[in-house]
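Trainee: Before we discuss this chain, I would like to practise setting each value against the definition behind the word we use. Could we take the terms in turn, with the structure on the screen?

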Amino acid sequence: MIEAKKKFGQNFLKDTTVVSKIIQSMPQNNRKLIEIGPGLGDLTQALLRVKPVTAYEVDEDLCVYLRKKYTTKLAEGQLILVQTDVLKQFEKGSLCEEPYDLVANLPYYIATTIILEALEDQNCKSMIVMVQKEVAEKFAALPKTKEFTSLAILAQSIGTATILFDVSPESFEPQPKVVSSILKIDKQTEFVDGKFSGIFENNEQLQKFKKYLRCSFQSPRKTWLRNISSEFDKSCVLHVMHEQNLPETIRPHEIGVLSHHLLFKTLRLNDARKRSDTTTA
């Protein structure tokens, strides 16, 4: 029997009820299906009853185990097993050359990073991922709650984020010390000719918005004015805040998703005008 390895953050899902609920939550479509971290293959087996699966697994021992377990499915092409670090695959590009849905029981220590990569992967259209409950709450959080951070704003700028249900430690082997949650993100932003046709005009704008968010939330307990003034001229920030009727004491988590986008665009526009006036002068 394969033992879980701490270095890979492995907790194998064994609860068939949870597996069934995940399958029932999946979107019904003809898109490709990607799984990250198939582990011992319990979820994989259920996924294969729905459609073919491409699974990414970093653990060589697990890949050997899965190749034996799914010899027939691999031979038939119903299962494609890719032994690699999925983050390295994201660095190369998409996890799939066609539109796909992602289903995964993610290792806690890299779950946030993987979700953020999947959000930026233009071929990923939806994801149902098992993560630490605290992480799921941050992606699905509402404004004015303490969990509302840049993670929620990014996820909700590109799609809708919903916590479907919680999963107890007893559903895994070995048992983690925390409660897990199933997080579903359905993307609403479409890509046309390699460009965003939604909130973001292109990937460059997305990266600039991420920089804006890092600045806005660098000290969550401090005011947004104080945080953002490290990047933009304070007098300009104050002018924009007064235009939007925002109190100077407002904190970043008290500002909604669309308001953050409006502030971002207005500050960038004002900053560009200021540089243009300086150059002209």
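Mentor: Let us begin with one helix, bearing in mind that this is a predicted model. The buried residues of helix 8 are Leu151, Ala152, Ile153, Leu154, Ala155, Ser157 and Ile158.

Trainee: Why is helix 8 called largely enclosed by the rest of the structure?

Mentor: Buried means a relative accessible area under 20%, and seven of the nine residues of helix 8 are buried, so the helix is largely enclosed by the rest of the structure. For the chain as a whole, 47% of the 281 residues count as buried.

Trainee: What makes helix 8 roughly antiparallel to helix 9?

Mentor: The axes of helix 8 and helix 9, the latter spanning residues 203–216, come within 10 Å and cross at roughly 155 degrees. Since angles over 145 degrees count as roughly antiparallel, helix 8 is therefore roughly antiparallel to helix 9. The crossing of these two helices is right-handed.

Trainee: Which residues of helix 8 and helix 9 make the contact, and how do they divide by class?

Mentor: Helix 8 contributes Ser150, Ile153, Leu154 and Ser157, while helix 9 contributes Leu206, Phe209, Lys210 and Leu213. Divided by class, the contact has five nonpolar, two polar and one charged residues.

Trainee: Why, then, is helix 7 called oblique to helix 8?

Mentor: The axes of helix 7 and helix 8 come within 6 Å and cross at roughly 60 degrees. Angles under 35 degrees count as roughly parallel, over 145 as roughly antiparallel and 65 to 115 as roughly perpendicular, with the rest oblique, so helix 7 is oblique to helix 8. On the side of helix 7 the contact is made by Lys138, Phe139 and Ala140, and on the side of helix 8 by Leu151, Ala152, Ala155 and Gln156. These residues divide into five nonpolar, one polar and one charged.

Trainee: How do you know that Ala161 is buried?

Mentor: The relative accessibility of Ala161 is 15%, and the cut-off for buried is under 20%, so Ala161 counts as buried. Ala161 is found in strand 7, residues 159–167, and, leaving out residues up to four places away in sequence, Ala161 touches Phe139, Ala140, Ala155, Leu183, Lys184 and Ile185. Although Ala161 and Ile185 are 24 residues apart along the chain, their C-alpha atoms are separated by 4.4 Å.

Trainee: And what makes Ala136 count as buried?

Mentor: Ala136, which is found in helix 7, has a relative accessibility of 0%; with the cut-off at under 20%, Ala136 therefore counts as buried. Neighbours within four places in sequence aside, Ala136 is in contact with Val131, Ile163, Ser181 and Leu183.

Trainee: Leu183 has now come up in both contact lists. Which residues does Leu183 touch, and where does Leu183 stand in the largest nonpolar core?

Mentor: Of the 31 residues in that core, Leu183 is one of those that touch the most other members, together with Leu102, Leu106, Ile115, Met127, Val129 and Val131. The largest share of this core, five residues, comes from helix 6. With residues up to four places away in sequence not counted, the contacts of Leu183 include Ile115, Met127, Val129, Val131, Ala136, Phe139, Ala140 and Ala161. There is also a second, separate core of 26 residues, among them Phe148, Phe209, Phe232 and Leu246.

Trainee: At the opposite end of the accessibility scale, how do you know that Lys144 and Asn245 are exposed?

Mentor: Exposed means over 50%. Lys144 has a relative accessible area of 66% and is therefore exposed, and Asn245, at 68% relative accessibility, counts as exposed as well. Lys144 sits in the loop between helix 7 and helix 8, and Asn245 lies in the loop between helix 11 and helix 12.

Trainee: What is noted about phi in Lys144 and in Asn245?

Mentor: Lys144 has a positive phi of about 75 degrees although it is not a glycine, and phi of Asn245, likewise a residue other than glycine, has a positive value near 55 degrees.

Trainee: Which peptide bond is cis, and what is its omega?

Mentor: The bond from Glu173 to Pro174 is cis, with omega near -5 degrees, and Pro174 lies in the loop between strand 8 and strand 9.

Definitions and conventions
Residues are numbered from 1 along each chain as its sequence is written. This is a predicted model: local features need pLDDT of at least 70, side-chain atom pairs count only at pLDDT 80 or more; totals for chains, interfaces and linings use all residues. Side-chain values use heavy atoms; hydrogens and water are left out. A nonpolar core is a set of buried Ala, Val, Leu, Ile, Met, Phe, Trp, Tyr and Cys residues joined through side-chain atoms within 4.5 Å. Buried means under 20% relative accessible area, exposed over 50%, partly exposed in between (1.4 Å probe, protein chains only). Helices (H or I, at least four residues) and strands (E, at least two) are DSSP runs, numbered from the N terminus. Contact means heavy atoms within 4.5 Å. Axes are lines fitted to C-alpha atoms, for helices over the stretch in contact, and angles run from 0 to 180 degrees between N-to-C directions. A crossing is left-handed if the near helix is turned anticlockwise from the far one by less than a right angle, and right-handed if clockwise. Ala, Val, Leu, Ile, Met, Phe, Trp, Tyr, Cys and Pro count as nonpolar, Asp, Glu, Lys and Arg as charged, and the others, Gly among them, as polar.
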